[in-house]
Amino acid sequence: MSEQKKIAFIGTGVMGSSIVKHLIHANYDVSIYTRTKSKAQSLIELGAKWARTPKEASENADVIFTMVGFPNDVEEVYCNQDGIFQSAKSGSIVIDMTTSEPSLAKKLYDLAKEKEISSLDAPVSGGDVGAQNGTLSIMVGGDKEAFEEVLPILQIFGKNIVYQGEAGSGQHTKMCNQILISTNMIGVCEAISYGIKAGLDIEKVFQSISTGAAGSWSLSNLGPRMVKGDLEPGFYIKHFIKDMRIAIDEAERMNLNLPGLKLSKELYNQLLEKGFGEKGTQALIKYYVE
């Protein structure tokens with residue numbers, strides 16, 4: 001796609017704001033909407049155009065991204081009276097980057113098709129660091145033609161971009177991602193807790209184990225934050241719990257029992273009850289070390 005394409009971006013939170021910055025720096029014309037305008041002020045100062053509603057942001061846009069919190073938020077920004085489908089033009093492409101329900105991705109695909117709009121579900125992985133560095137992993141479901149059309153835009157802020165298949169496939173792939181993270185986070189926290197109790201220098205422990213068979217993104221990127229007591233969100237606990245709930249629901253529909261995932265959700269629910277919902281997923285260390 002040429003740089004002349006107009007982009008709308010709905011939801012400029014922790015990750016969305018970094019993505020918008022990449023788009024602006026790539027000289028795209030970007031309109032934005034988020035619930036709290038003050039939080040988007042830095043983007044407006046960079047050149048993003050503020051819109052009062054998703055409907056207004058989407059007018060005349062060629063590509064419309066959404067990255068909001070929960071499935072009900074997704075449905076709202078697309079389908080309500082001030083939503084995207086009220087103004088998105090024929091031939092445009094909507095791309096939902098929220099981690100959401102595969103069934104909702106299919107619903108949006110069908111609704112978009114009725115309006116001669118292409119719809120892609122394209123959840124991401126890589127957290128705030130990946131968004132800032134433009135190295136997100138993006139897993140995409142929907143029509144391959146639409147995917148190929150927007151691929152040059154996705155490559156501005158993504159590094160590992162894979163077309164997964166029909167509508168909903170991107171969301172199912174993200175569930176695989178979240179299942180892996182959910183159980184891996186338990187391992188990272190338990191290893192750090194063990195090292196602390198054993199009186200080890202945790203920085204040296206990281207040097208030994210992070211590049212071997214036990215290495216993982218969570219260990220390398222979130223392990224040091226845990227040790228420093230940095231619980232600020234790259235990804236909110238409240239959103240991670242939402243993702244795990246979706247994965248458990250989908251697994252149950254497939255008659256699949258995932259005990260590791262259920263255990264992780266149980267531990268995170270305890271943190272949520274203690275008021276850690278707005279903290280990053282690395283706050284799981286608080287379950288083990290106070």
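Select Asp243 and Lys242 to begin: both residues are buried in this predicted model. Their side chains meet in a salt bridge, with N and O 2.8 Å apart. The structure holds eleven salt bridges, and the next two stops present others.

**Along helix α11**

Display helix α11, residues 237-253, and pick out Arg245 and Asp249, which lie four residues apart, about one turn of the helix. A salt bridge joins their side chains, at 3.4 Å from N to O. Arg245 has a relative accessible area of 33% and therefore counts as partly exposed. Asp249, at 29%, is likewise partly exposed.

**From β3 to β2**

Move to Lys49 and Asp29, a salt-bridged pair whose closest N and O atoms are 3.2 Å apart. Because Lys49 belongs to strand β3 and Asp29 to strand β2, the pair ties together parts that are 20 residues apart in sequence. Lys49 is partly exposed, at a relative accessible area of 46%, and Asp29 is also partly exposed, at 26%.

**The second largest pocket**

Keep Lys49 selected and turn to the second largest pocket, which has a volume of about 170 Å³. Its lining comprises 13 residues, and those closest to the centre are Ser31, Lys49, Glu56, Ala57 and Glu59. Colour β1 (6-10), β2 (29-33), β3 (49-50) and α3 (54-58) to see the elements that each give two or more residues to this lining. The largest share, three residues, comes from β1. Sorted by class, the lining of this pocket has six nonpolar, two polar and five charged residues.

**The largest nonpolar core**

Strands β1 and β2 also lead into the next selection, for both give two or more residues to the largest nonpolar core. The other elements that do so are α1 (16-25), β4 (63-66), β5 (93-96), β8 (136-141) and α7 (144-157). Helix α7 gives the most, with six residues. This core has 34 residues, of which Phe9, Val30, Phe65, Ile95, Ile138, Leu154 and Phe157 touch the most other members.

Centre the view on Phe157. Neighbours within four places in sequence aside, Phe157 is in contact with Ile19, His22, Leu23, Phe65, Met97, Gly130, Gly134, Thr135, Leu136 and Ile138. A second, separate core of 29 residues can then be located through Met185, Ile241, Leu271 and Leu284, which are among its members.

**The cavity**

Which residues line the largest cavity? Select Asp96, Ser100, Glu101, Leu104, Ala105, Leu108, Ser119, Leu120, Asp121 and Gln171 to display its lining. The elements that give two or more residues to it are α5 (102-114) and β6 (118-121). Four of the lining residues are nonpolar, three polar and three charged. The largest cavity has a volume of about 50 Å³, and the count of cavities of 30 Å³ or more comes to one.

**Asp73 in helix α4**

Finish at Asp73, which is placed in helix α4, residues 71-79. Is Asp73 buried or exposed? Its relative accessible area is 10%, so Asp73 is buried, the cut-off being under 20%. To see its surroundings, add Arg35 and Val68, the residues in contact with Asp73 once neighbours within four places in sequence are left aside.

Conventions: Residues numbered from 1 in each chain as written. Predicted model: local features only at pLDDT ≥ 70, side-chain atom pairs only at ≥ 80, totals over all residues. Heavy atoms only, no water. 1 Å grid on protein atoms, 1.4 Å probe; cavity = no way out; pocket = protein on both sides within 12 Å on 5 of 7 lines; lining within 4 Å. Points joined across faces, edges and corners; volume = space filled by probe spheres on them. Nonpolar A, V, L, I, M, F, W, Y, C, P; charged D, E, K, R; others polar. Core = buried A, V, L, I, M, F, W, Y, C linked by side-chain atoms within 4.5 Å. Buried < 20%, exposed > 50% of the residue type's maximum accessible area, 1.4 Å probe, protein only. Contact = heavy atoms within 4.5 Å. Salt bridge = Lys/Arg side-chain N within 4 Å of Asp/Glu carboxyl O.
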